Amino acid sequence: MAKCSICGGPAVAYIRYQRRYLCDRHFVEYVESKIRRAISRYKMIRQGYRVLVPVSGGKDSATVLTALSKLSREFGFEVVALHIDLGIGDYSVKSKEASIKAANKLGVPLIVVSVKEITGYTIPELARKARRPVCSVCGLVKRYIINLVAVELGADAVALGHNADDLAVYSMKSFITQDLSNISKLGPKTESIKGLAVGRIRPLYEVYEKESYLYALLTETPFLHEECPNVDFSSMENRLKVHINSLEEEKPGVKITMLRNMAKRIRDYPKPQLPISRCRHCGLLSSGDECSFCRLTKRITGQPLGPRAREVVRSLVASLQLAPRQDSAYKS
Ligand SMILES: [Zn+2]
Ligand SMILES: [Zn+2]
């Protein structure tokens with residue numbers, strides 16, 4: 001049996017690009033040190049920050065939640081978790097259970113927002129009514145609710161669970177389709193826009209998918225092993241993943257090298273040209289006078305539901321009874 005290169009104990013993982021074996025304790029420390037380094041290197045979090053962690057119930061957000069709740073003491077920031085109940089049958093029921101268990105285990109305050117409670121419909125129902133693909137409606141609604149909760153919380157950053165494998169694939173896809181302005185949004189962090197949108201950070205920027213999975217297992221963070229039933233394995237993303245993984249097999253570390261170099265040059269990529277304005281219904285970030293969530297819900301229900309979503313979220317945030325944040329730069 002292979003032995004840990006640090007302590008000689010039984011190894012649970014082989015880190016190919018570093019050519020060393022690690023035991024369970026040293027593996028957990030290794031992942032946390034990568035996250036700690038990424039937070040410092042890319043200036044993701046400052047002391048006194050309130051960081052919102054959206055948890056889907058999957059391994060990556062479980063890893064972000066566990067690691068950030070541990071590092072929050074060391075760096076002096078606050079963590080709040082958010083779970084969005086999408087109403088995708090049994091998958092959503094189990095995802096919600098896993099998210100609640102994880103937040104309780106870590107003692108992190110959790111907000112649960114139900115799409116059905118806000119709009120009257122589940123995600124599959126909304127997609128059917130809008131005659132749009134489920135994943136596109138789901139992405140739109142999730143992005144809206146995450147930003148809304150972050151703004152209402154006075155959060156300074158939203159910590160997303162994208163790992164190095166995801167980001168290598170998204171970047172390559174953007175390169176192949178020459179959607180270069182999308183690459184500028186895939187860096188380790190994006191900036192906030194006062195009162196309208198809270199910036200995103202990616203603590204797993206240099207953490208591989210396999211490492212994120214093993215970290216969630218070894219730290220015994222509850223998570224759901226199954227994927228969303230709507231995942232399309234024939235998509236461009238999933239095909240690219242196979243190819244980039246075989247490149248990584250031959251050249252261990254190639255994904256991390258690519259991402260680090262991208263992060264250095266992120267300012268050289270064109271920025272999205274959309275005008276920044278405020279939705280006339282809900283007051284949040286929009287590229288015209290109406291945000292995409294208000295436009296979608298108005299088409300389906302006859303009413304833009306952003307204002308209702310804000311009301312629901314405001315009362316959920318109030319029920320957490322967190323300390324008020326006078327100094328937050330992002331309150332409207
Ligand atoms: Zn060890
Ligand atoms: Zn709106």
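This report describes one open sheet and two residues with positive phi in a predicted model.

**The sheet**

The strands of a sheet pair through backbone hydrogen bonds, in either a parallel or an antiparallel sense. In this predicted model, an open sheet is built from 5 strands that follow the order β5-β4-β3-β6-β7, and the pairing is parallel. Its edges are formed by β5, which covers residues 110-114, and by β7, which covers residues 200-201, each of these strands pairing on one side only. Strand β4, made up of residues 78-85, pairs with β5 in the parallel sense over 5 bridges, and I84 stands opposite V113 of β5.

**Residues with positive phi**

Most residues other than glycine have a negative phi. Two residues that depart from this pattern are set out below, each with its phi value and its place in the chain.

| Residue | Phi | Location |
|---|---|---|
| E220 | near 55° | loop between α9 (209-218) and α10 (236-250) |
| Q321 | about 50° | segment after α13 (306-320) |

Is E220, in the loop between α9 and α10, buried or exposed? E220 has 10 other C-beta atoms within 10 Å and is therefore exposed, given that a residue counts as exposed when 12 or fewer such atoms lie within that distance. The same cut-off of 12 or fewer applies to Q321, which is found in the segment after α13 and which, with 7 other C-beta atoms within 10 Å, is likewise exposed.

Conventions:
Residues are numbered from 1 along each chain as its sequence is written. Chains are lettered from A and ligands numbered from 1 in the order in which they are written. This is a predicted model: local features need pLDDT of at least 70, side-chain atom pairs count only at pLDDT 80 or more; totals for chains, interfaces and linings use all residues. Two strands pair if DSSP finds at least two bridges between them. Helices (H or I, at least four residues) and strands (E, at least two) are DSSP runs, numbered from the N terminus. A residue is buried if 20 or more other C-beta atoms lie within 10 Å of its own, exposed if 12 or fewer, and partly exposed in between; C-beta atoms are placed from the backbone.
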